[in-house]
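Subject: Structure handover

Hello,

I am passing on the structure we spoke about. Please look it over first; my notes come after it.

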Amino acid sequence: KNGDPTNLWPIWHSSPAGANMSFGGPLEPGDDSGSQWKHFPQLGFRGDGELWLAWIEIGPAPGYDKQGFFARESNGFLSEMIPSVNTPCDCCQANFIIGNNGDALFTWRSEVDTGNAVERDPILFIAPDGQNSFTSEVEMSTTTWNLNQCPQQGVQLADGPDALHATWADTTDGEYTTWVVKSTDGGQNWSTELEVAPSL
């Protein structure tokens, strides 16, 4: 934006239905002037057709304060806070989807500094269908992954006909492993991790 590589905003273009695929815009949510970097902007339509966006913001040095935000079409795309004090930086990718039941689901790796190491466990935020805000964070992992480095990856979600699934990789069993979990209650509770891909 404005030719300044140290300032990033989520920008999107919209297209009317039809074959011409012409895009208007660009559009952007209300800017938070205290934040310089905005990462992983993603978007989806709620059950009523309203467009939502979600992203991570990182403030300037020296504190590099981090916070999740989202924006709603009906609110003029003003930035609204996702309720977390353990937001990751730009190294742990976020994932935003609209579930089959219309819930907005936003997930990332938590970043909790214990003093000895940083816990980077998967966290899910839910905005139930018909509601205009995200609930408190839901822990998705039964283990604790401590890592004082940037894993440079995150959690991915997929909603099937009978269950919500999530996958990520970590070294909680000593080797770098891909895991999958599922939830049959919309993300409120999660199964024990299933190992699906051992480390090479």
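Below are the findings, from the whole chain down to single pairs of residues.

The model is predicted. Its secondary structure consists of 16 strands and zero helices. The protein chain has 200 residues, and 42% of them count as buried. The exposed area of the chain is about 10200 Å², with 50% of it supplied by carbon and sulfur atoms. Among contacts with a separation of 6 or more, 43% are between residues 24 or more positions apart.

The four-stranded sheet

One open sheet has four strands in the order E7-E8-E11-E12, with antiparallel pairing. Strands E7 (95–98) and E12 (138–139) stand at its edges; each has a single partner strand, so one side of each is left without a neighbour in the sheet.

Going through the sheet in order, E7 and E8 come together over four bridges in the antiparallel sense. Phenylalanine 96 has phenylalanine 106 in E8 as its bridge partner. The two strands E7 and E8 form a hairpin with five residues between them, and glycine 102 in the turn has a positive phi of about 95°.

E8 is joined to E11 by six bridges, and these strands also run antiparallel. Here arginine 109 has proline 122 in E11 as its bridge partner. The last pairing, between E11 (residues 122–127) and E12, is antiparallel and has two bridges. In that pairing, isoleucine 123 is the bridge partner of glutamate 139 in E12.

How far is E8 enclosed by the rest of the structure? Six of its six residues are buried, so E8 is largely enclosed. In a regular strand, side chains alternate between the two faces of the sheet. Both faces of E8 are covered: Ala104, Phe106 and Trp108 are buried on one side, and Leu105, Thr107 and Arg109 are buried on the other.

Strands E13, E14 and E15

Further along the chain, E14 (residues 164–170) pairs with both E13 and E15. The E13 (residues 156–159) and E14 pairing is antiparallel and runs over four bridges. These two strands form a hairpin with four residues between them. Aspartate 159 stands opposite leucine 164 in E14.

On the E15 side, seven bridges join E14 to E15 (residues 177–183), again in the antiparallel sense. Leucine 164 also stands opposite serine 183 in E15. The hairpin of E14 and E15 has six residues between the strands, and glycine 174 in this hairpin takes a positive phi near 100°. E14 is mostly covered, with five of its seven residues buried.

Salt bridges

How many salt bridges does the structure hold? There are three.

One of them joins glutamate 111 to lysine 66, with the closest N and O atoms 2.3 Å apart. Glutamate 111 is in the loop between strand E8 (104–109) and strand E9 (112–113), while lysine 66 is in strand E5 (residues 66–72), so the pair ties together parts that are 45 residues apart in sequence. Glutamate 111 counts as buried, at 17% relative accessibility. Lysine 66, at 26% relative accessibility, counts as partly exposed. The cut-off between these two classes is 20% relative accessible area.

Glutamate 111 also forms a salt bridge with arginine 120, where the closest N and O atoms are 3.4 Å apart. Both arginine 120 and glutamate 111 are buried. Lys66, Glu111 and Arg120 are thus linked in a network of salt bridges.

Glutamate 80 and arginine 72 form another salt bridge through their side chains, at 2.8 Å from N to O. Glutamate 80 and arginine 72 are both buried.

To find these places in the model, E8 is a convenient start. It takes part in the E7-E8-E11-E12 sheet, and the loop between E8 and E9 holds glutamate 111. From glutamate 111, the salt bridges go to lysine 66 and arginine 120.

Regards

Conventions: Residues are numbered from 1 along each chain as its sequence is written. This is a predicted model: local features need pLDDT of at least 70, side-chain atom pairs count only at pLDDT 80 or more; totals for chains, interfaces and linings use all residues. Side-chain values use heavy atoms; hydrogens and water are left out. Two strands pair if DSSP finds at least two bridges between them. Buried means under 20% relative accessible area, exposed over 50%, partly exposed in between (1.4 Å probe, protein chains only). Contact means heavy atoms within 4.5 Å. Accessible areas come from the Shrake-Rupley method with a 1.4 Å probe; for residues, only the protein chains shown count as cover. A salt bridge is a side-chain nitrogen of Lys or Arg within 4 Å of a carboxyl oxygen of Asp or Glu.
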